[in-house]
Amino acid sequence: MRLSEILGKEMIDYTKGEKLGVLSHAEFTIDEHSGYIHSLEIPVSQWNGWRKQKSTIRFQWNKIYRVGEETILIDPSQAEVQSDYK
């Protein structure tokens with residue numbers, strides 16, 4: 001599977017079976033020497049009053065349960081959230 005094929009897949013909460021949304025933009029952390037993917041980072045932005053709050057949700061690649069033809073099964077409780085808002 002090519003990395004570009006992951007975009008456009010629906011993300012599903014593995015524990016609850018809920019739809020989390022379609023993956024439209026993501027960045028991957030890749031080990032230069034081995035070529036293995038370490039993590040999947042998804043930028044998220046939302047309005048908080050008058051300011052737009054930006055954050056990044058990071059999933060460790062070994063915490064992604066399955067990447068199927070149309071879906072990606074993940075456990076959101078395993079995600080790390082980094083907020084750029086100060």
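These are my notebook entries on a predicted model of a single protein chain.

**Entry 1: the fold.** I started with the secondary structure. I found 8 strands and 0 helices in the protein chain. Reading along the sequence, I wrote the pattern down as β-β-β-β-β-β-β-β.

**Entry 2: overall dimensions.** Next I looked up how far the C-alpha trace reaches. Along the principal axes of the protein chain, I noted spans of about 40 × 35 × 20 Å.

**Entry 3: inside and outside.** How much of the protein chain counts as buried? I got 23% of the 86 residues. For the surface, I jotted down about 6500 Å² exposed by the protein chain, with carbon and sulfur atoms supplying 46% of that area.

**Entry 4: contacts along the chain.** I then took the contacts between residues at least 6 apart in sequence. Of these, 36% join residues at least 24 apart.

**Entry 5: charges.** I counted up the charged side chains: 11 are positive and 13 are negative. The centres of the two sets sit 6 Å apart.

**Entry 6: the largest pocket.** I went looking for pockets and put the volume of the largest one at about 260 Å³. Which residues lie nearest its centre? My list reads Met11, Leu20, Ile42, Val44 and Ile57, out of 14 residues in the lining. I also checked which elements give two or more residues to that lining, and they are strand E2 (19-22), strand E4 (37-48) and strand E5 (51-60).

**Entry 7: tyrosine 36.** I picked out this residue in the loop between strand E3 (27-30) and E4. Is tyrosine 36 buried or exposed? Its relative accessible area is 61%, and the cut-off for exposed is over 50%, so tyrosine 36 is exposed. Leaving aside residues up to four places away in sequence, I found that tyrosine 36 touches Thr29, Ile30 and Asp31. I also looked up its distance to lysine 52: the two are 16 residues apart in sequence, and their C-alpha atoms are 34 Å apart in space.

**Entry 8: glycine 49.** My last stop was the loop between E4 and E5, where glycine 49 has its place. With a relative accessible area of 65%, glycine 49 goes down as exposed too, because that value is over 50%. I paired glycine 49 with lysine 9, and they turned out to be 40 residues apart in sequence. From C-alpha to C-alpha, I noted 31 Å between glycine 49 and lysine 9.

Conventions: Residues numbered from 1 in each chain as written. Predicted model: local features only at pLDDT ≥ 70, side-chain atom pairs only at ≥ 80, totals over all residues. Heavy atoms only, no water. Helix = DSSP H or I, 4+ residues; strand = E, 2+ residues; numbered from the N terminus. Buried < 20%, exposed > 50% of the residue type's maximum accessible area, 1.4 Å probe, protein only. Contact = heavy atoms within 4.5 Å. Areas by Shrake-Rupley, 256 points an atom, 1.4 Å probe, with all protein chains shown as cover. Lys, Arg positive; Asp, Glu negative; His and termini not counted. Charge placed at Lys NZ, Arg CZ, Asp CG, Glu CD. 1 Å grid on protein atoms, 1.4 Å probe; cavity = no way out; pocket = protein on both sides within 12 Å on 5 of 7 lines; lining within 4 Å. Points joined across faces, edges and corners; volume = space filled by probe spheres on them.
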